[in-house]
Amino acid sequence: MPGWNNDKTLLGYCVRQVLYGRLILLLLASFGVAYRSHGQWVPPPELRNVPILNDCKMTRHGVGVTLQPTVFYPNGAIFLCPERERAIDARHPGASRFFLIHEYGHLAMRTREEAVADEWAAKQLAAVPGERNTLRAVLLHFVDDGILFDPLYGTGFDRALRVARAAGIGEREWPLPLIAYAKSAAARAANGTVVTLRSPDGYTNAAQMIICFDRQPIGFLSNVDEEKTLELPKLAPGRHSVQAVEVWLYHTEPSGIKSEVARGLRAEAEFESTGKNRLAIDFRFDGEDLTIRVEELR
Ligand SMILES: [Zn+2]
């Protein structure tokens, strides 16, 4: 089919950019003091048996990582890196606590989507008056890393904005650089280009992927928990290439239950832009190969 293209071995510039971006994050955000206060936020009952293990190797020296339930960890597991927690808290005391609750969010929402876990954590913390400082501290932490980009999380500013909004923190309490960022983001959204992921018919009907346009990582696109749009820089008319990397495929039921079909796939496609600002990505999986296609909508 014209426009369809598959690439199982795409290990191009985009992937390296993605990995490089993560490496920069790891290098710049070195972290420290596991601060666990008592009598503050506690996990909901169904998550109280989740083991919390200190293991910087498991987190790949990030602050935390979550395993969904497995035979070995029937309740799932959260791994934290105390060294990173200490470094985070050294800059903004109490901020590292947010990341623990974010990890619980992955389990509560049964998702690997970072934005979903962030929003869950922000709402949980906002409901506990004693956690105000955790939210304030983590906003400052994200603003410090404001322009650092990671395709799974967006920029530090994106994350700060997401947390501030989900927690219902009024703009008057936002750090000043965040207010400025929110204004410029709104302006971009008003005249920018967006892409969505369309759900195909058939068993494999949902996906999550990192999207690159012309080999520049743009962000995380998903239609698993909800159909989200991703903002793009304005595309010049002409030929462009799109890469989908770290693609995870699912079958989702109308009830919301999802089962994983495949992970770690890649695909690439080219398309001709006429300068329209709404794009849709279609994907197909035949059990072995993933193909993607881009269509301009209007
Ligand atoms: Zn996460």
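These legends go with several close-up views of a predicted model.

**View 1. The whole chain, before we zoom in.**
Welcome to the predicted model. The chain folds into seven helices and 13 strands. Of its 298 residues, 52% are buried. Sequence neighbours tell just part of the story here: among contacts between residues at least 6 apart in sequence, 67% join residues at least 24 apart.

**View 2. The second largest pocket, set between two domains.**
Domain 1 (13–187) and domain 2 (193–296) both give residues to the lining of this pocket, so the second largest pocket lies between them. Its volume is about 1000 Å³. There are 33 lining residues, and those closest to the centre are Asp158, Arg162, Thr229, Leu230 and Glu231.

**View 3. Who builds the wall of that pocket?**
Several elements each supply at least two residues of the lining of the second largest pocket: the helices α4 (114–126), α6 (156–166) and α7 (176–191), along with the strands β5 (154–155), β8 (216–222) and β9 (229–232). The largest share, six residues, comes from α7. Sorted by class, the lining holds 18 nonpolar, seven polar and eight charged residues.

**View 4. Helix α6, wrapped by its surroundings.**
Having met α6 at the pocket wall, we can now follow the helix itself. Nine of the 11 residues of α6 are buried, so this helix is largely enclosed by the rest of the structure. The buried ones are Gly156, Phe157, Arg159, Ala160, Leu161, Arg162, Val163, Ala164 and Ala166. Look for Arg162 in particular: this buried residue of α6 is also one of the residues closest to the centre of the second largest pocket. After the helix comes Gly168, with a positive phi near 70°.

**View 5. Helix α4 and the helices that cover it.**
At 1.5 Å a residue, the 13 residues of α4 should span 18 Å, and the end C-alpha atoms are 18 Å apart, which agrees. Which residues of α4 are buried? They are Glu114, Ala115, Val116, Ala117, Asp118, Trp120, Ala121, Ala122 and Leu125. Their cover includes α3 (96–108), α5 (132–144) and α6.

**View 6. Helix α3, buried along nearly every residue.**
In α3, 12 of the 13 residues are buried, so the rest of the structure largely encloses this helix. The list runs Ser96, Arg97, Phe98, Phe99, Leu100, Ile101, His102, Glu103, Tyr104, Gly105, His106 and Leu107. With 13 residues at 1.5 Å each, α3 should span 18 Å; its end C-alpha atoms lie 19 Å apart, which agrees. Following α3 you will find Arg110, whose phi is positive, near 45°.

**View 7. A cavity with a mixed lining.**
How many cavities of 30 Å³ or more are there? The count comes to one. The largest cavity has a volume of about 40 Å³. Around it sit Arg132, Leu135, Arg136, Leu139, Ile169 and Glu173. This lining divides into three nonpolar and three charged residues, with no polar ones.

**View 8. Val63, a buried loop residue.**
Val63 sits in the loop between β1 (52–54) and β2 (64–67). Is this residue buried or exposed? Its relative accessibility is 11%, and under 20% means buried, so Val63 counts as buried. Val63 and Glu83 are 20 residues apart in sequence, and their C-alpha atoms are 8.2 Å apart in space.

Methods
Residues are numbered from 1 along each chain as its sequence is written. This is a predicted model: local features need pLDDT of at least 70, side-chain atom pairs count only at pLDDT 80 or more; totals for chains, interfaces and linings use all residues. Side-chain values use heavy atoms; hydrogens and water are left out. On a 1 Å grid over the protein atoms alone, a cavity is a set of points where a 1.4 Å probe fits but cannot get out, and a pocket is an open set with protein on both sides within 12 Å along at least five of seven lines; lining residues have an atom within 4 Å of a point. Grid points are joined across faces, edges and corners, and a volume is the space filled by probe spheres set on the points. Helices (H or I, at least four residues) and strands (E, at least two) are DSSP runs, numbered from the N terminus. Ala, Val, Leu, Ile, Met, Phe, Trp, Tyr, Cys and Pro count as nonpolar, Asp, Glu, Lys and Arg as charged, and the others, Gly among them, as polar. Domain bounds come from an automatic or database domain assignment. Buried means under 20% relative accessible area, exposed over 50%, partly exposed in between (1.4 Å probe, protein chains only). The expected span of a helix is 1.5 Å times one less than its number of residues. Contact means heavy atoms within 4.5 Å.
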